[in-house]
Amino acid sequence: MIGTQIVTERLVALLESGTEKVLLIDSRPFVEYNTSHILEAININCSKLMKRRLQQDKVLITELIQHSAKHKVDIDCSQKVVVYDQSSQDVASLSSDCFLTVLLGKLEKSFNSVHLLAGGFAEFSRCFPGLCEGKSTLVPTCISQPAHHHHHH
């Protein structure tokens, strides 16, 4: 049986307690991730190509995580892994062939504890906007200008 869910509040409690290492994986397209994502989340880009490579075991999930992370990640099989997409509620509602299902299946082979974030990013960002980061959080929407106006610090 793949995939147990974790609810937003539980994830936040885990992240804030800092007692357990949580590996947070954002399985949305990079454009969405870039706009806004949960702090510390690693984006694994859900392309058809990547899905095929995972299904054929051409790429190891642990390598994919390393490759996708901005900084070196210690892959520890005992850490909790939480995956989210835009708004999926539970694993049962995913199609067996979608990227997320394939991803979860591969993660479960490498990690002891893999969860899908119930309600996805939509739910999380609605409840805990302060724990999200990205382009959209830099400037309040009422005064945002075209992208070429702001400077990166």
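In this predicted model, the axes of helix α1 (residues 8-17) and helix α6 (residues 120-127) come within 10 Å and cross at roughly 70 degrees. Two packed helices are described by the angle between their axes and the distance between the axes. Angles of 65 to 115 degrees count as roughly perpendicular, and α1 and α6 are therefore roughly perpendicular to each other. The crossing in which α1 passes α6 is right-handed. On the α1 side, the contact is made by Thr 8, Leu 11 and Val 12. On the α6 side, Glu 123, Phe 124 and Cys 127 take part. Sorted by class, the residues of this contact are 4 nonpolar, 1 polar and 1 charged.

The strands were examined next. An open sheet is formed by 5 strands in the order β1-β6-β5-β2-β4, and the pairing is parallel. Strands of a sheet pair through backbone hydrogen bonds, either parallel or antiparallel. The edges of the sheet are β1 (4-6) and β4, each of which pairs on one side only. Helix α1 packs on this sheet, where it touches β1, β2, β5 (80-84) and β6 (113-117). The direction of α1 makes about 130 degrees with that of β2. Helix α1 thus appears in two sets of contacts, with α6 and with the sheet.

Within the sheet, strand β2 (residues 22-26) is joined to β4 by 2 bridges, and these strands run parallel. One residue of this pairing is Asp 26, whose bridge partner in β4 is Asn 43. Strand β2 is also joined to β5, by 5 bridges, again with the strands running parallel. Here the bridge partner of Ile 25 is Val 83 of β5. Strand β5 is in turn joined to β6 by 4 bridges, and these two strands run parallel. In that pairing, Val 82 has His 115 of β6 as its bridge partner.

The surroundings of β5 can be described residue by residue. Lys 80, Val 82 and Tyr 84 point one way from the strand, while Val 81 and Val 83 point the other way. All of these residues are buried. Because 5 of the 5 residues of β5 are buried, the strand is largely enclosed by the rest of the structure.

Lys 80 of β5 also takes part in a contact with a loop residue, Glu 20. Glu 20 is placed in the loop between α1 and β2. The C-alpha atoms of Glu 20 and Lys 80 are separated by 7.4 Å, although the two residues are 60 residues apart along the chain. When residues up to four places away in sequence are not counted, Glu 20 touches Leu 14 and Lys 80. With a relative accessible area of 33%, Glu 20 is partly exposed, whereas Lys 80 is buried.

Two further loop residues were considered for their backbone angles. Glu 40 lies in the loop between β3 (37-38) and β4 (42-43). Its phi is near 75 degrees, a positive value in a residue other than glycine. The relative accessibility of Glu 40 is 61%; exposed means over 50%, so Glu 40 counts as exposed. Asp 57 is found in the loop between α3 (48-55) and α4 (61-68). For Asp 57, phi is near 55 degrees, a positive value in a residue other than glycine. Asp 57 has a relative accessible area of 55% and is therefore exposed.

Notes. Residues are numbered from 1 along each chain as its sequence is written. This is a predicted model: local features need pLDDT of at least 70, side-chain atom pairs count only at pLDDT 80 or more; totals for chains, interfaces and linings use all residues. Side-chain values use heavy atoms; hydrogens and water are left out. Axes are lines fitted to C-alpha atoms, for helices over the stretch in contact, and angles run from 0 to 180 degrees between N-to-C directions. Angles under 35 degrees count as roughly parallel, over 145 as roughly antiparallel, 65 to 115 as roughly perpendicular and the rest as oblique. A crossing is left-handed if the near helix is turned anticlockwise from the far one by less than a right angle, and right-handed if clockwise. Contact means heavy atoms within 4.5 Å. Ala, Val, Leu, Ile, Met, Phe, Trp, Tyr, Cys and Pro count as nonpolar, Asp, Glu, Lys and Arg as charged, and the others, Gly among them, as polar. Buried means under 20% relative accessible area, exposed over 50%, partly exposed in between (1.4 Å probe, protein chains only). Two strands pair if DSSP finds at least two bridges between them.
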